[in-house]
Amino acid sequence: MTSPPTFLGMPPFPEAARSAVSNPQLRHNLRKATHTIRDKRAHVVGELSDWAELRAAGAAIKDRTLRRLDEYLLAAEAAVAAAGGTVHWAADAAEANRIVADLVRATGETEVVKVKSMVTQEIGLNEALAAEGIRAYETDLAELIVQLGDDLPSHILVPAIHRNRAEIREIFVREMAEWGVPAPPGLSDEPAALAEAARRHLRERFLSAKVAVSGANFLVAETGTLVVVESEGNGRMCLTLPETLISVVGIEKVVPTWADLEVFLQLLPRSSTGERMNPYTSMWTGVTPGDGPRDFHLVLLDNGRTDVLADTTGRQALRCIRCSACLNVCPVYERTGGHAYGSVYPGPIGAILVPQLRGVATGKVDPQTASLPYASSLCGACYEVCPVAIDIPEVLVHLREQVVEGGGHRAERAAMRAAEWVFDDAKRLRTVQRVAARSRRLLPRRAPGPGAAWSDSRALPEVPAQSFRDWWVRERGAPPARPPAAPAQPPVEKNRIEEDDR
Amino acid sequence: MSSRAAILARVRRALADVPSDDDFPVARDYARAHVAEGVLELFVAHLRDYRAVVHEVAEDALPDAVAAAVERRGARTVVTPAGLPPAWTAGLAEGVCLADGWAYEQLYDNSINNRPTVADRADRADILTTSTLDTADGVLTAAAVGIAETGTIVLDAGPGQGRRALTLVPDWHLCVMRAADVVASVPQALERLDPGRPLTWISGPSATSDIELDRVEGVHGPRTLEVLIVR
């Protein structure tokens, strides 16, 4: 029912990550990019002495909204309708795509221009429209690079973060003509020249477009106001010049009051691009005769969000305002990049949002989804920078429990049971350690049996020449004192492991 | 069941743990503003930091300052929204101004959602086509609010600000900002703004950092933002 927000056919995280970390160019790009943004963020966050209070207020406003989400959605619907907009409700991706396609078809147009939007990527809108004979043109520079390169986004904020200027130039030269105005002859790989080529490529399209599709950063329940923050002006072009505007908005984007924006418009730009304010923010309420589109449609989307809401630990993920600060500080993301997560929502937030949207609590998710809660070292840097204080490590651990209980990560479960048996008894542990030490030169890089899946995703530690226990005996001449006599545990029967491993 | 009913039912089911009389408090102990003095100086510094061109002028010097800016830019045509004070363009040669007739008018004002209507008055100019806007060299507007802490200018379709396309399509935006309309902070700005109006918040010229995070000014919006601050 709920369509997957994951990229089709992506391998599980460990497999995808291995190929990513062995790409030095990618790692160089990612390191430079994530460190640049995190430094800028730290600088502008440091300008606000009340950041902690703003962050607490942002979290509390979102929690308050989520706890009465039905009421705020109804209020938003009424306010948008009163201002001349039309509100649609979509239970899942397929329904949202059908609503948008029908609205576009009703205009008689076969092309739409798009503002960068995570949610329309989540539902696969461009592909769904293409199947209906409608071509969707991405207009954000990074999204354009991704679309022209027949590529996948790898970062929430800068989706082409994995591409360098030479690659971008090559994509423009090769593909622009196919999509419209070709790249100018002699195009250099200077960012200014590439941005100018994008401007020329899209200009005529903006001026002639009749239908636009956007997402929104916020939807104010009290007034029906939608907010889109952006940098390039492509958003303003799409939101202002066409006759019809269709905005697809997740139900978690609602905020209760106009005044609540005072918190989020301080938190978001500083956390996201590391700017005091992004160059352009557009706010509109319904339709304004003579200014902007004459038809405005709001599509409210569930697509798994109510499943996230039902999990009392996991629901905090719905506070997310898509700033991507957690990506930029994550040691795992920095090394693997966004593609390894196999989803439009990469990084720490993706690791908790995607499994929940896909129903991890039901235990019926694919291995790719089940691997995501493990794509973290639980270092907590993501929680530190989150402007709405989502405790990502807490949710990751919670989701790991669900994966294990759902039988998702079988190998890890078996390994933990085996470890429990070994560590339960000092004699068993000593024996295992000695065997390991003596045979360490013979040990493979890969654990045998069910452990193989575990070691495939991790570098095996070096086995020391001598165990701590043996060193102690040699140095001090006596075995370490045993802890106070614990009641003897019956050994775990082998068949229990096998059963769990089934 | 409609999807509307289904989604609302799923939301209510998901919130079974939340008491029906739940009142989740929001502590608003953050600052209303981070600066009290030097607001205008901070506004100028932050505008320049994001590479806007800024001049400070006295009220009676404004017509000359507008004319000088137009001449520096080499602009032959400048879009002027309805409601722009005629004195501002008194120093311009004839034929430079391209007047746009659209004006925001409230149908009623008893709701937070004030609805406007298109001006249909004989004394107003025609509404310019998008292709005319595309050939214009620039646009001259007033502004509703300035925000010092973020270096932001907010347009709200008020007199002399026009519809949103006017400050989007031409490549040069010359904006007159009255010092009295500059506030310190985002919270103070929102208090002054009407959510029923179409609002555009502008912080420096159009920009992108999508290529190796190198900031490039000017993608689709005006590539140059020039601000005349009237003390």
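**Group meeting: a shared sheet and a few odd residues**

Okay, let's start in chain A, at L378(A), which sits in the loop between helix 17 (367-371) and helix 18 (381-385). Keep in mind that this is a predicted model. What's odd about L378(A) is its phi: positive, about 60°, although the residue is not a glycine. Is L378(A) buried or exposed? Partly exposed, actually, because its relative accessibility is 34%, and buried would need under 20% while exposed would need over 50%.

Chain B has a leucine to show you as well. L213(B), again not a glycine, has a positive phi near 60°. You'll find L213(B) in the loop between strand 12 (207-208) and strand 13 (216-217) of chain B.

Back to chain A for a moment, and helix 6, residues 118-122, where E122(A) lies. E122(A) is buried, at a relative accessible area of 2%. So which side chain does E122(A) touch through a polar contact? That would be Y345(A), at 2.5 Å, side chain to side chain.

Now the sheet. Eight strands make up an open sheet with mixed pairing, and the order runs 8(A)-5(A)-6(A)-9(A)-11(B)-8(B)-7(B)-10(B). At the edges stand strand 8 (254-255) of chain A and strand 10 (182-183) of chain B; each has a single partner strand, so one side of each is left without a neighbour in the sheet.

Let's zoom in on one pair there. In chain B, strand 7 (residues 145-147) and strand 8 (residues 152-155) run antiparallel, joined by three bridges. Within that pair, I147(B) stands opposite T152(B) of strand 8.

That's my tour, thanks.

How values were computed: Residues numbered from 1 in each chain as written. Chains lettered and ligands numbered in written order. Predicted model: local features only at pLDDT ≥ 70, side-chain atom pairs only at ≥ 80, totals over all residues. Heavy atoms only, no water. Helix = DSSP H or I, 4+ residues; strand = E, 2+ residues; numbered from the N terminus. Buried < 20%, exposed > 50% of the residue type's maximum accessible area, 1.4 Å probe, protein only. Polar contact = N/O pair within 3.5 Å; in protein donor to acceptor, adjacent residues only side chain to side chain. Pairing = 2+ DSSP bridges.
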